[in-house]
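Visitor: Could you walk me through this one? I'd like to talk about cysteines and then pockets.
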Amino acid sequence: MKLDEFYMSRCLQLAKNGIGTARPNPSVGCVIVFDNKVIGEGYTSPYGGNHAEVNAIAAVKDRALLEKATLYVSLEPCAHFGKTPPCADLIVRYKIPKVIIGCIDTNSLVAGKGIERLISNGCEVEIGVLEKECIEQHKRFFTVQNKKRPYIVLKWAESADGFIVLLKKEKKRSVWISNGYAQQIVHKWRSEEQAILVGTNTAISDNPKLDVRKWGGRSPVRIVLDQNLRIPLSNNLFDGSVKTIVCSCASALKTNQSENNIIYEAIDFSKNIAYELCSIMLKHHIQSVLIEGGRQILQTFIDADLWDEARVLSGTVVFELGVKAPDFSKALLREEDLLGTKLAVYKNRSQQL
């Protein structure tokens, strides 16, 4: 690995620490190097706090070294005032002579303006070190910027014979397909995405909390599709602990029905439901969503070709009869063994950034 790639890979490592807390900002990593030694590093603080470059510069004990240092950052430094001042201006102020950038920020407020600011002030700029990896790191942010929708992750667990729900003697009963370790990983996934989405039948039959109780971090915004408001108010989704968005038809909703952290939104069920839900998520500034089921809502997004990643857990249990797993074109990215539960991760190649 080349030296520049080594330091950029460290930026990507750092950036992982801000996933789930930096949003709606991208979680960026930054490393400052002098004489082949790291003298400062940082990542994006929770929303409203410092950007990665600010934290990295603040970590440098001897600021005089900055005038001889190289700054590595996974995403183009911003050049506009938001919650914080422009990072490009800070780099110029400390006279950092060289900046190496992983990828350009496609946000119209930045989109090359940060690079222009640096170059016009005498800074040497190099772009595109580990560019593919940096784009992947910032996939949630780029999806919203470029496609005007959240990054969509599908998730389900299926039996060895391809069912997601067991049906036995006309009755449905719960059977765990994945093991405890895999279930903990699912809670980790929840902490990384801004929202989680389920359909009516899943909400009623499973009465899920959709939280991260088996992992640290922030529980995602809960979104539930409930056309005719069939889910009882005693359901865990209405406990008010987390912002919950209920998507229903206009005729089922009352005026000013939203209260206690429960928000009701009307969508048009005569249109494509997947696109309607994405519009609601965009309205609420949601960058990413984990869709956990059931089959109908998963298949709705698959049929609309409106998904980016699918994570499929497979167990050894055999159902023989049940609700079949969703059907989709598979582009396998990788496979893992989660202590006996198989994880297959797929990418939707038609939706690549």
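Visitor: Is Cys11 buried or exposed?
Guide: Cys11 is buried, with a relative accessible area of 0%, where buried means under 20%, exposed over 50% and partly exposed in between, using a 1.4 Å probe and protein chains only. This is a predicted model, in which local features need pLDDT of at least 70 and side-chain atom pairs count only at pLDDT 80 or more, while totals for chains, interfaces and linings use all residues. Residues are numbered from 1 along each chain as its sequence is written, and side-chain values use heavy atoms, leaving out hydrogens and water.

Visitor: Why does Cys11 have no bond to Cys30?
Guide: The closest cysteine sulfur to that of Cys11 is in Cys30, but at 5.9 Å it is too far for a bond, because a disulfide is a pair of cysteine sulfur atoms within 2.5 Å.

Visitor: And what about Cys78?
Guide: Cys78 is buried too, at 7% relative accessibility, and its sulfur lies 3.8 Å from the closest one, in Cys87, which is also too far for a bond. By this rule the count of disulfides is zero.

Visitor: OK, pockets now: how much space lies in the second largest pocket?
Guide: About 810 Å³, where a pocket is an open set of points on a 1 Å grid over the protein atoms alone, where a 1.4 Å probe fits, with protein on both sides within 12 Å along at least five of seven lines, and a volume is the space filled by probe spheres set on the points, joined across faces, edges and corners.

Visitor: Which residues lie nearest its centre?
Guide: Of the 28 residues lining the second largest pocket (those with an atom within 4 Å of a point), Lys16, Ile19, Arg140, Lys188 and Glu192 lie nearest its centre.
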